[in-house]
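I opened the notebook today to look around one loop and then the nonpolar interior. Here is what I had on screen.

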Amino acid sequence: IIKKTRFPHWRETLELELDAEELSDEGTVIVEVWDWDMVGKNDFLGKVEIPFACMHKTPLLEGWFRLLPLGNNEADAGGKLGALRLKVRLVEDRILPSMYYQPLIELLVESVISPAEVEDSSSLTMLEEVTTVESRQDVAMTLVKIYLGQGLVVPFLDYLNTREVNHTTDPNTLFRSNSLASKAMEQFMKAVGMLYLHEVLKPIINRIFDERKYIELDPCKIDLNRTRRISFKSGVSEAEVRDYSVEMLQSYLTSIIESIVNSVDQCPSVMRVAFKQLHKRVEEQFTEPENEDVKYLAISGFFFLRFFAPAILTPKLFQLRDQHADTRTSRTLLLLAKALQSVGNLGLQLGHGKEQWMAPLHPIILHSVASVKDFLDKLIDIDHDIVSSVPQRAVFMPSVTVKEGYLHKHKAEGPQLLSRFAFKKRYFWLTSETLSYAKTSDWQVRSSIPIQRVCAVERVDENAFQQQNVMQVITQDNDGKLNTMYIQCKNVNELNQWLSAIRKASIYNERMLPSFHPGVHRSGKWTCCLQAGRAVTGCSRTHSAVTLGDWSDPLDPDVETQMIYKQLLQGTDKLRKKYLEMEDADQTSTNKEKRINPDIHPDGAECNTQPIKPSTSVAARLLVVIEDLEQAHATFQLREKEDATRVILNP
């Protein structure tokens, strides 16, 4: 719900999971727009319908779609209902059994475990060659997940970073492009450092949202009509607005910097080791005295400019807040993000830009440089071997509340109630150890479920309770008895977030169920499959994957390797032309030399025949793997219907 505007901008991403039968050409995605009323019924404003037949032909649709009335007759409305801007993407993949992806995994692992030379071509460098700028971020996150699953994320990042450092001659341009190395480090921090980021930033972000101060430094943007919160005087001057803004920004910025520089022990070990390796490579490459700060800038560029600053600028994208900031708060966050970027640059570019009105913050930025360098020195002061003794996946820290908020819990005890009265409002907290709830957030008595007892977290069919956005948390007690808690969320986004968070917290549990019932047991039978026994085996396969993208996903090696295969498949012709034709040319040249004299050049010097370059042999192996996977996909498509139903569809 967007209030107080006739031109709403939602900026929301909604993900709909569809079964294979739902993806028929007759199916349709319908987006409806309603006018929300606090009292009375909501008013229908229009709808957009997008047929699946259209999406199968064009998987990515983006633009303005004219709103239609209920009867779908645009002429009835005369085109006066307005339009809705949407981007709709259909992602449909056939995921093969794990054995088919193993050769590709082995080639990727080989690239970082035993590279002949960093400068030699490998499957990773070939992948980067065929990756488009638009897909580079997705490829980077996918590779991070693959190497996290293999326990090789630090060697993977070190391999990419070493190549990047070696190819950079001007230290001022180091990691400033959107190369695979830069994107991989960025996505790696999101994958393993998100809960750390929450622990460091969430208190100050919440304070900024709660206080909602009017803050502005740019003289061209100061609006004296919006300064009521600054003073009760009849009039406030621009100088007073500016002084007050400087005071508030200094307070916020000081809190942010202090929270970051005091967080060494909170930073995940694997992150610290990755930064230690990066520090080492940069120090080896740029040894000149005038480049003394480059080793700090390389780390702070990622840490401040690509991690903390973006989180401050858009807290919702990092799940620091449930909603986007309003215009006033957004401006405060933008100014703080700009200041923190200057901190990450160690104050080296202060006063050189166009925004001279940021000058009042320059003293606090320069004053923080020494503490930031000290923080970075402490950050990389860690034993490299410590990473091998702890899991490298994105696990939660016990002390951190991963997610909290009001949900509706189903009242299972007592007489059967009507569905809409059977759910009671409760405040829930999720940590890596417990899922607990109480009547309110400040209620003293809490009920708790140990996370280690969770064995499935799944959606519930709408017809089970005649309610939308219901999920179930299935637990197993010490006696082996299964218990189910039904929880209703307020919308599909919140449902996805809670499903993702609980699944991720329980990802290492040993007693996970292979199947579940998407319905509810009522009147002696399950509403989904009509089986009678309450303890009968579930009728649907459980899901270990979460429903959100980016950092929230746990590891799913088959899905991740399928994505890499698709990228390589698109660049097969380019790889074949560059590497196999080069190999043929080298072989032809070698044969000619052998016909002249296999051992001696015409000038009498000894001749050692050069073997085929390692890069070309890797290319040949990679192309064979791609062809094998392509053939496997073709084979699976021709199988009988009952075999095809076992293939996982991941929209």
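These entries go from one threonine to its neighbouring helix and then to the cores.

Entry 1. I note first that I am working with a predicted model.

Entry 2. I looked up where Thr131 sits, and found it in the loop that joins helix 4 (123-130) to helix 5 (136-150). Is Thr131 buried or exposed? Its relative accessibility is 6%, and the cut-off for buried is under 20%, so Thr131 counts as buried.

Entry 3. Next I checked what Thr131 touches. Its side chain comes to 2.6 Å from the backbone oxygen of Leu127. Setting aside neighbours within four places in sequence, I listed Arg136, Val139 and Gln567 as its contacts.

Entry 4. Leu127 took me back to helix 4, where it is one of the buried residues. The others on that list are Ser123, Leu124, Thr125, Met126 and Val130. I wrote down that helix 4 is largely enclosed by the rest of the structure, because six of its eight residues are buried.

Entry 5. On to the nonpolar cores. In soluble globular proteins, nonpolar side chains tend to be buried together. Here the largest nonpolar core has 143 residues, and Phe156, Phe188, Leu201, Phe275, Phe303, Phe308 and Ile564 have the most contacts inside it. Which helix gives the most to this core? I found helix 7 (residues 180-211), with 18 residues.

Entry 6. I picked Leu201 for a closer look. Beyond neighbours within four places in sequence, Leu201 is in contact with Ile256, Phe308, Ala311, Ile312 and Leu320. Apart from the largest core I also noted another, of 14 residues, including Leu23, Leu84, Leu86 and Leu90.

Notes. Residues are numbered from 1 along each chain as its sequence is written. This is a predicted model: local features need pLDDT of at least 70, side-chain atom pairs count only at pLDDT 80 or more; totals for chains, interfaces and linings use all residues. Side-chain values use heavy atoms; hydrogens and water are left out. Helices (H or I, at least four residues) and strands (E, at least two) are DSSP runs, numbered from the N terminus. Buried means under 20% relative accessible area, exposed over 50%, partly exposed in between (1.4 Å probe, protein chains only). A polar contact is a pair of N or O atoms within 3.5 Å; within protein, one must be able to donate a hydrogen and the other to accept it, and residues adjacent in sequence count only if both atoms are side-chain atoms. Contact means heavy atoms within 4.5 Å. A nonpolar core is a set of buried Ala, Val, Leu, Ile, Met, Phe, Trp, Tyr and Cys residues joined through side-chain atoms within 4.5 Å.
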